[in-house]
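User: I am new to this structure and would like a close look at a single part of it. Please explain your terms as you go, and then describe the setting in which that part is found.

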Amino acid sequence: MAVVVAALVVTFRRAADRGVVFRSSAGTTGEGTTHSPAGPRKPQPESPGFEGCPANGDGGDRELNVLKNRVDSAVWVATPFASIVDLTWPPNVTRRFRAEWTRREASTIAATEDVPIAVEGYFAGAKVEGPEATNCHGAESKFRDWHLWLSATPGKDRRRSIVVETTPAVRAMHPEWSITEIHKLVRDSAYVRVSGWLMFDQEHPDQLNKTRGTLWEIHPVMKIEVLRNGRWSVLR
């Protein structure tokens, strides 16, 4: 993990040297700010909740829910696909609430989490999730996450994919996003760029090497672009 983290650190520090500005409810950071050892200073997640559901949901891992429900934006840093898939994590953090992690386990994850990244690849599948604690078990489709799989190569093999998820609060800012459009991108093997927040989801180790290649996710997805005729087109 040390080599991969080091590569990410260099990437994010270069972004900071260019004056990348991170926007959050706490204000902005940019040139002249103090940076943590893991790169640019990370903003506190802006998680206002969504239509009566608080940011920490109605159960499950409340700390994780807050990260999933953030809506703040940033300047997304181009990051190689393999740099995310090859990230590791402490062996005993899976299937445990974050409040139960040791200080060392928490700091190890925190050193890499909460960074704004942009990763290129192909959608290998898309699914509308069922009701979840993160979204207060809302039954309507607008309260469901979209579970998308990003792969380095075209096709439907998800064993080495990165899970990237759109969330209700973010989709409310992108009214033209539709699961139908995502399914079309899957069918067309369209080359895409997904931007959002790097987040560790400890809840799904049973899926590793089956329907995901890592427990690191882009969650929430904040921006989707499609390469068309040699130019990036933003899905609004």
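Analyst: The answer below turns to the disulfide, after a short word on the model, and then moves on to other parts of the chain.

This is a predicted model, in which local features need pLDDT of at least 70 and side-chain atom pairs count only at pLDDT 80 or more, while totals for chains, interfaces and linings use all residues. Residues are numbered from 1 along each chain as its sequence is written, and side-chain values use heavy atoms, with hydrogens and water left out.

A search of the whole structure finds one disulfide, a term that stands for a pair of cysteine sulfur atoms within 2.5 Å. The two cysteines are C53 and C136, with a distance of 2.1 Å from S to S. Because the torsion about their S-S bond is about 85°, the disulfide of C53 and C136 is right-handed. C53 lies in the loop between β2 (27-29) and α2 (62-68), and C136 in the loop between β4 and β5 (146-151), so the pair ties together parts that are 83 residues apart in sequence. The names of these elements follow DSSP runs, numbered from the N terminus, where a helix is a run of H or I with at least four residues and a strand is a run of E with at least two.

The two ends of the disulfide can also be described by their accessibility, where buried means under 20% relative accessible area, exposed over 50%, and partly exposed in between (1.4 Å probe, protein chains only). C53 has 9% relative accessibility and counts as buried, whereas C136, at 24%, counts as partly exposed. The loop between β2 and α2, in which C53 lies, also holds E51. E51 has a positive phi of about 45° although it is not a glycine, and with a relative accessible area of 51% it is exposed.

R95 also has a positive phi, of about 60°, without being a glycine. R95 is found in the loop between α3 and α4 and, at 58% relative accessibility, counts as exposed. P91 lies in that loop too, between α3 (81-85) and α4 (103-110), and is likewise exposed, at 68% relative accessibility. Between the C-alpha atoms of P91 and E105, which are 14 residues apart along the chain, the separation is 9.1 Å.

Charged side chains make further links, and the structure holds 15 salt bridges, each of them a side-chain nitrogen of Lys or Arg within 4 Å of a carboxyl oxygen of Asp or Glu. One of them brings together R193 and E120, at 3.7 Å from N to O. This pair links distant parts of the chain, with R193 in strand β7 (residues 191-200) and E120 in strand β4 (residues 116-128), 73 residues apart. E120 is partly exposed, with a relative accessible area of 31%. R70 and D72 form another salt bridge, at 2.7 Å from N to O, and both of these residues are buried. E217 and R212 meet in a salt bridge at 3.0 Å from N to O, and again both E217 and R212 are buried. Salt bridges that share partners also join K68, D201 and E203 into one network.

Strand β8 (residues 216-228) contains P220, and the peptide bond leading from H219 to P220 is cis, with omega near 5°.

For the chain as a whole, the secondary structure comes to six helices and nine strands, and 51% of the 236 residues count as buried. If a contact is taken to mean heavy atoms within 4.5 Å, then among contacts between residues at least 6 apart in sequence, 73% join residues at least 24 apart. The predictor's confidence in each residue is given as pLDDT, from 0 to 100; the protein chain averages 87, and 83% of the residues score at least 70. Some care is needed with residues 13-39, over which pLDDT stays under 50 and for which the model has 46 contacts beyond four places in sequence.
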